[in-house]
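Welcome! Please open the sequence and the 3D view side by side, and try each exercise before you read its solution.

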Amino acid sequence: MLSPKEVEHVALLARLKLTDEEKETYRRQLSDILDNFRKLQDLDTENIPPTAHVLPLQNVFREDRVGGHMAVEKVLANAPQRQDNFFKVPKIV
Amino acid sequence: MAQYEAVIGLEVHVELKTNTKIFCNSSTEFGADPNHHVCPVCLGLPGVLPVINKKVVEYAIKAGLALNCKIAPFSKFDRKNYYYPDLPKNYQISQYDLPIAEHGQLEINLDGETKRIGITRVHMEEDAGKLVHQGTISTTPYSLVDYNRTGVPLIEIVSEPDMRSPEEAVAYLEKLKAIIQYTEVSDCKMQEGSLRCDANISVRPVGQVEFGTKTELKNMNSFKALHKAITYEIERQIDVLDEGGQVVQETRTWDEDKGVTLPLRSKEEAHDYRYFPDPDLVPLVISEAWVDEIRASLPELPDERKARFVNEYGLPEYDALVLTSTRELADYFEQCVELFNNPKTVSNWVMGDLARMMNATGREIGAVRIKPAQLAEMLKLLDKGTISGKIAKTVFEEMFNTGKDPGVIVEEKGLVQISDEGKIEKIVSDVIAANPKSVEDYRGGKKQAIGFLVGQVMKATKGKANPGLVNKLLKEKLDS
């Protein structure tokens, strides 16, 4: 079972503000999820190489050629706040 | 009181000189209008697919090889998660457990000693955007974000904690910069931010094997700042320990104006990055053939070039070290020597007058107006006796300031050396007649009095008389 502290830590990392009730709900739900995943630990993976990607693909490259850019009005269309051509955000220290 | 030693490791970020960003085809050009070099991929809009720029992988391998690293046959990208407005996706694509290159080293030269500094790893990642503040970060009411830099390719080069003094750290960074510049994968301009350096610093009592608690130091924008910041931080940590305290593991920022390091943020919470493989990007399998091809394209690197300068040109170690410190300076020297085949003379001028004028004007070798061919031309004039050594310095300064050919300057200013015996003889006679006291001194045994008389002749000819001839003629007359 996850501790309340661990839930608070994860919530902070995800910038979520949770009520005590929500914390308890997520503590149970996250613990269930983790328990389910833990079942994978029972498998013998001794001779299986680690999987870096699920698709059988490698070396998909792009050439170094400049393409089109987005129009600045489009770039800023969804900005909650802007100043000139900048996104304006609360300062975060 | 205990004797302490510092343990220093550096993390260096270098912007790669590609045309486009690491995972999209937006331009990397410096100085564009805010938010003009962006696209859905680098803005992190939903549903986009990043694809790695082949040139980035090539450059990272090239840098890795130049730093004597082993290139990984298998490499992948991971997501590093953190929330900050300069990162629109809320994660940075980086490399975690399988970086492109590992286990390298470089050599630093300090006070005639050579020391090896280990390179832990070189990995590829995307740069973040730029935050613009009004005033400083602590006084600004809000921040403005420009995402042009978001997605510009970086390599991060992590050293082993092998350095023991600020001087060693600076020497390491200088050498690293030179090597990377030689490979031409980056221009490494610290002021423009294409070379950035963080330092991990701890101290421990001399003789102790375990490391002390380290702090991470950021925001050093020049070699000078790096030296000052590390010096300050070492002293600060020793003071803390001497007063019975404990060093707190934290990130600190160098405040250039105040000359101190200040805590930035607590490490524990903020640095829980939860890395995981990025499912948008498929792994890289690097063939030996590709690595060999890139290895074959490596230029002569600083150490090899230095050795060649000693062997081929017979230069002292020190000259060779200074001249090869940047590729441009070494090229300049060699182009000059090709036209004026006296390497030591060329070296003396490049390391002497040229370096002095560059320092005085803050000009880099690339911005120097004297072309190597012009310097060679001036040295030929000096060699032939057309101009004297003293006049050469005047001509050189004029060349530095105007970029004019030495021949033109000599002609315009009438600086040709007087080697006409008859002309000089006349002036010598006048000087002897006008300075009976010195002549008497000389003849009475004070041979150094001749120096004054030589000076008078030079003065009368505005420095243009051939000094060898002046000496000879003066002696002949005085001794007769």
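**Exercise 1. Find the loop that holds B:Asp111, and decide whether this residue is buried or exposed.**

Step 1: Go to chain B and look between β7 (101–110) and β8 (113–126); B:Asp111 is found in the loop there. Helices (H or I, at least four residues) and strands (E, at least two) are DSSP runs, numbered from the N terminus.

Step 2: Before going on, note that this is a predicted model, in which local features need pLDDT of at least 70, side-chain atom pairs count only at pLDDT 80 or more, and totals for chains, interfaces and linings use all residues. Residues are numbered from 1 along each chain as its sequence is written, while chains are lettered from A and ligands numbered from 1 in the order in which they are written.

Step 3: Count neighbours. A residue is buried if 20 or more other C-beta atoms (placed from the backbone) lie within 10 Å of its own, exposed if 12 or fewer, and partly exposed in between. B:Asp111 has 6 other C-beta atoms within 10 Å, so the residue is exposed.

Step 4: Check the backbone. Phi of B:Asp111 is near 50 degrees, a positive value in a residue other than glycine.

**Exercise 2. Work out which class of exposure A:Asn59 falls into.**

Step 1: Look in chain A, in the loop between α2 (20–38) and β1, where A:Asn59 lies.

Step 2: Inside 10 Å there are 14 C-beta neighbours, and therefore A:Asn59 counts as partly exposed.

Step 3: Look at the backbone too: A:Asn59 is not a glycine, yet its phi is positive, at about 50 degrees.

**Exercise 3. Describe the side of chain A that touches chain B.**

Step 1: Count the contacts, taking two residues as in contact if their C-beta atoms, placed from the backbone, lie within 7 Å. In chain A, 32 residues are in contact with 41 residues of chain B.

Step 2: Ask which elements contribute. At least two residues each come from α1 (4–13), β1 (61–62), α3 (72–75) and β3 (86–90) of chain A. The largest share, 5 residues, belongs to β3(A).

Step 3: Sort the residues on this side of chain A by type: 18 are nonpolar, 7 polar and 7 charged. Here Ala, Val, Leu, Ile, Met, Phe, Trp, Tyr, Cys and Pro count as nonpolar, Asp, Glu, Lys and Arg as charged, and the others, Gly among them, as polar.

**Exercise 4. Trace the strands that pair between chain A and chain B.**

Step 1: Start with β1(A), which runs parallel to strand β2 (residues 52–53) of chain B and is joined to that strand by 2 bridges. Two strands pair if DSSP finds at least two bridges between them. A:Phe61 has B:Ile52 as its bridge partner in β2(B).

Step 2: Now find the open sheet of 4 strands, in the order β2(A)-β3(A)-β10(B)-β9(B), with antiparallel pairing. Its edge strands, β2 (82–83) of chain A and β9 (130–133) of chain B, each pair on one side only.

Step 3: Follow β9(B) to strand β10 (residues 142–146) of chain B: 4 bridges hold this antiparallel pair. One of the partnerships sets B:Lys130 with B:Asp146 in β10(B).

**Exercise 5. Examine helix α1 (residues 54–66) of chain B: what span should its 13 residues have?**

Step 1: The expected span of a helix is 1.5 Å times one less than its number of residues. For α1(B) this gives 18 Å, and the end C-alpha atoms are 19 Å apart, which agrees.

Step 2: Judge the cover. Of the 13 residues in α1(B), 11 are buried, including B:Val56, B:Tyr59 and B:Leu65.

Step 3: Look just after α1(B), where B:Asn68 takes a positive phi of about 60 degrees.

**Exercise 6. Find the partners of strand β1 (residues 4–15) of chain B.**

Step 1: Strand β12 (residues 195–205) of chain B runs antiparallel to β1(B), with 11 bridges joining the two. B:Val12 stands opposite B:Cys197 in β12(B).

Step 2: Strand β11 (residues 153–159) of chain B also pairs with β1(B) in the antiparallel sense, over 5 bridges. In β11(B), B:Leu154 is opposite B:Glu15.
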